[in-house]
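Hi there,

Here is the structure I promised to pass on. Have a look through it when you get a moment, and then read on for my notes.

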Amino acid sequence: MKTKNVFLIILSAFFISCAELPKNDEEKQVETLLSKMTLEEKIGQLNQLSFIEQEDLQPQIIEAIKEGKIGSLLNVVDPIKVNELQRAALEGSRMGIPLIIGRDVIHGFKTIFPIPIGQAATFNPEIVREGAAVAAAEARSVGVNWTFSPMLDISRDPRWGRLAEGCGEDPYLAAIMGEAFVKGYQGNSLADKTSIAACIKHFVAYGAAEGGRDYNSTNIPDHLMHNVYLVPFKKAVEAGAATLMTSFNDNDGIPASANEYLLRDVLRKDWGFDGFVVSDWASITEMIAHGSVADAKEAAMKSINAGVDMEMVSMSYITYLPELLKEGKVSEKTIDDAVRNILRIKIRLGLFENPYVDTEEPSILYAEEHLKKAKIAAEQSAILLKNNGLLPLGENIKTLAVVGPLADAPHDQLGTWIFDGEKEHSVTPLAALKEMYGDKVKIVFEPALAYSRDKNKSNFANAMQLARSSDAVLAIVGEESILSGEAHSLADISLKGAQKELIAELKKTGKPLVVVVMAGRPLTIEDELNASDAMLYYFHPGTMGGPALADLLFGKAVPSGKLPMTFPKHVGQIPLYYGHNNTGRPAQKTETLIDDIPLEAGQTSLGNTSYYLDAGFDPLFPFGYGLSYTSFEYSDLRLSTTSIAQNENIDVTVTLKNTGKYDAAEVVQLYVRDLVGSIARPVKELKGFQRINLKAGESQEVSFSLSSNDLAFYGLNKKFITEAGEFKIWVGGDSASGLEASFSLK
Ligand code: GLC
């Protein structure tokens, strides 16, 4: 054989071995560590404590770490403290296994980005990835190396306060955004000092809590579980998410922390997840309250056997696993596998080589670059719901009256789940308007209400006075941040306190009125919408919410956000979402509404379709809706073919034109409907979106490529299948409009 060939064979063998080296090397490291560990040290790795709750027990915690009884802490954010605790683990314990340190870095660590539902409204995964990367760099710089984010819970119920932390009602949007969060947090390597381990949560279907009441039961059947609630988690696992957190809810009577089918069959076998699973806060021992276990010992047994590797704070593992092992109710292999999963992520994080924080490094917290990115994210998160031409505010506005409890609310604009962001760094709308536009426009301010729940109207007179003496009024209303987030469900999602009256009074002044709603969820705001000349919806925008809003109002930035949730007219319509099944009697939207029903109407005279006599069928705004200062025209929808076979693609092209006078971005959305399936299929499903920037007057072709796999769904035979048949396709600016075409799948 020629020398050259021999050389090539040796060379390729070398590269193959290198390519595999990290994997083997990693597993070798895991096995080497495991082989040296005592049972108690193994169980110690499964035990996580919250440092803040135990601060007064510091010496005991240090002792327990040295004895190898703690594998992880959450809520330590002081780098000096982190180093002290890591030193206890590395140098004080027999095995020297570093701690993994977690924190809820949900939408920023110090530099706070819009709440995740607001980031989803950007329909811009790049901006989400960048924000997560900023959060990771800031968090890791103080020693946090694990975040309990992204939350991927699909929610179709604005009563549920935690939708603020998620990416909305649609599985495709949530999947794309979840992937962006994971990539942003984890970067190119978990070992980088600007990366942290992601934790996709809450597994699973937590957002379907009955009645939108947090922690409540869910009853999601298998098809819906796979076709909606699992979709974003699968994508995030494919993106390499390092960890996953189980949820508080019981689904169909099975608490998520003991759901072996989901944790072992789906997550491990089907998806090949090789990170580790952590419970939610005491979700293991809360199974006693669920009534699915008799005591903490049984809870520990069920959870470890179902596949929960690490227990957050409830200490049933450290307490009962030794005797469960002796009793043969838990095997050593089960414990070993849990430890393997945790060690693997600690190795990937590089914690054995670099466990300590370099406290000499200059701080990157609130870095200018970070604040800039937070401002852009806030700008792109704003959704323009109405504009009769008042926006952007023109030269004719010499005096602007700023009114409302959220115009100067530095704490509340940060939104929910803020542990480390500081309100002192918030730039509020009022401050930004004065600073950035105060030379052009006289800004006069009267909050009128001290906070969103305030019912004290004693300052209304002054607010009306200011409004009457101004050229336009900017009212910023909405929710204090405490009204959304965990355990903060609402039965009534209209504006709280005297905010509704405030808007009504301002309307009566006859002055041009811009209403900005700053909230953690969709609210029922039809009255306020009707009273306003323009309305921007602004999910709690974070640190730079003020400067972003100021530039939007004056046209330096143009609104481009789209609704990540359907907005109901009335709370009684909930759940209300675009991707619903058609039912056997779909609303025709010509139904008689309550005020038009004739007296003594015959029982069947109104027809028999699915709608509300007092609220009709339609939402106030559909998923994907959002206006711009410019206008966009869609034309010339073209398909590359009218029929595809399995594993073929169909190319969809449309011409988009900016027909207005502002350079702007439009989120072009692609929806599909499978007209007939072995199970009823949704009337629409988002299958693609693109943010397109166009100069005024410019037009561009926008193309999507749809494969037959994109049409697959989880069907009767408990597998993902594609079925031949007819499909409709829409391309447009929201889920209720667009150019339509048809194609078939052979
Ligand atoms: C909370 C939340 C979870 C959070 C965890 C740690 O109860 O459900 O999202 O990450 O506990 O704070």
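E740 is partly exposed, with a relative accessible area of 45%, in this predicted model. Its salt-bridge partner is K728, and the closest N and O atoms of the two are 3.4 Å apart. K728 is partly exposed as well, at a relative accessible area of 27%. What I like about this pair is where the two residues sit: K728 belongs to strand β25 (residues 725–732) and E740 to strand β26 (residues 739–745), so the bridge ties together parts that are twelve residues apart in sequence.

Salt bridges that share partners also build a network, which joins E31, K333, D337 and R340. Within that network, D337 pairs with R340, with 2.8 Å between the closest N and O atoms. Why are D337 and R340 separated by about one helical turn? They are three residues apart in helix α14 (residues 332–348), and that spacing gives the turn between them. D337 is partly exposed, with a relative accessible area of 25%. In total, the structure holds 45 salt bridges.

Another of these bridges links the side chains of R681 and E685, at 3.2 Å from N to O. Are these two residues buried or exposed? R681 counts as buried at 8% relative accessibility, and E685 is buried too, with a relative accessible area of 17%.

That pair leads on to the cavities. There are two of 30 Å³ or more, and both R681 and E685 help to line the second largest. The volume of this second largest cavity is about 40 Å³. Its lining also includes V672, R673, D674, K687, D710, L711, A712 and F727. By type, the lining residues are six charged, four nonpolar and no polar. Strands β20 (664–674) and β21 (685–694) each contribute at least two of them, and β20 gives the largest share, three residues.

The largest cavity has a volume of about 90 Å³. Around this cavity you will find M37, E41, Q45, I65, G68, I70, A89, S93, R94, M95, G96 and I97. Its lining divides into six nonpolar, four polar and two charged residues.

Next, the cysteines. How many disulfides does the structure have? The count comes to zero. C167 is in no disulfide, and the nearest cysteine sulfur, that of C199, is 15 Å away. C167 counts as buried, at 2% relative accessibility. Seen from the other side, C199 is in no disulfide either, and its nearest cysteine sulfur is that of C167 at 15 Å. C199 is buried, with 0% relative accessibility.

One last residue to look at is N216, which sits in the loop between β5 (199–203) and α8 (222–229). Although it lies in a loop, N216 is buried, with a relative accessible area of 14%. Which residues does N216 touch, once neighbours within four places in sequence are left aside? Its contacts are then A209, E210 and N249.

If you only have time for a short look, I would start with the R681 and E685 salt bridge and then view the second largest cavity, which both residues line.

Happy viewing, and best wishes

How values were computed
Residues numbered from 1 in each chain as written. Predicted model: local features only at pLDDT ≥ 70, side-chain atom pairs only at ≥ 80, totals over all residues. Heavy atoms only, no water. Salt bridge = Lys/Arg side-chain N within 4 Å of Asp/Glu carboxyl O. Helix = DSSP H or I, 4+ residues; strand = E, 2+ residues; numbered from the N terminus. Buried < 20%, exposed > 50% of the residue type's maximum accessible area, 1.4 Å probe, protein only. Contact = heavy atoms within 4.5 Å. Disulfide = S-S within 2.5 Å. 1 Å grid on protein atoms, 1.4 Å probe; cavity = no way out; pocket = protein on both sides within 12 Å on 5 of 7 lines; lining within 4 Å. Points joined across faces, edges and corners; volume = space filled by probe spheres on them. Nonpolar A, V, L, I, M, F, W, Y, C, P; charged D, E, K, R; others polar.
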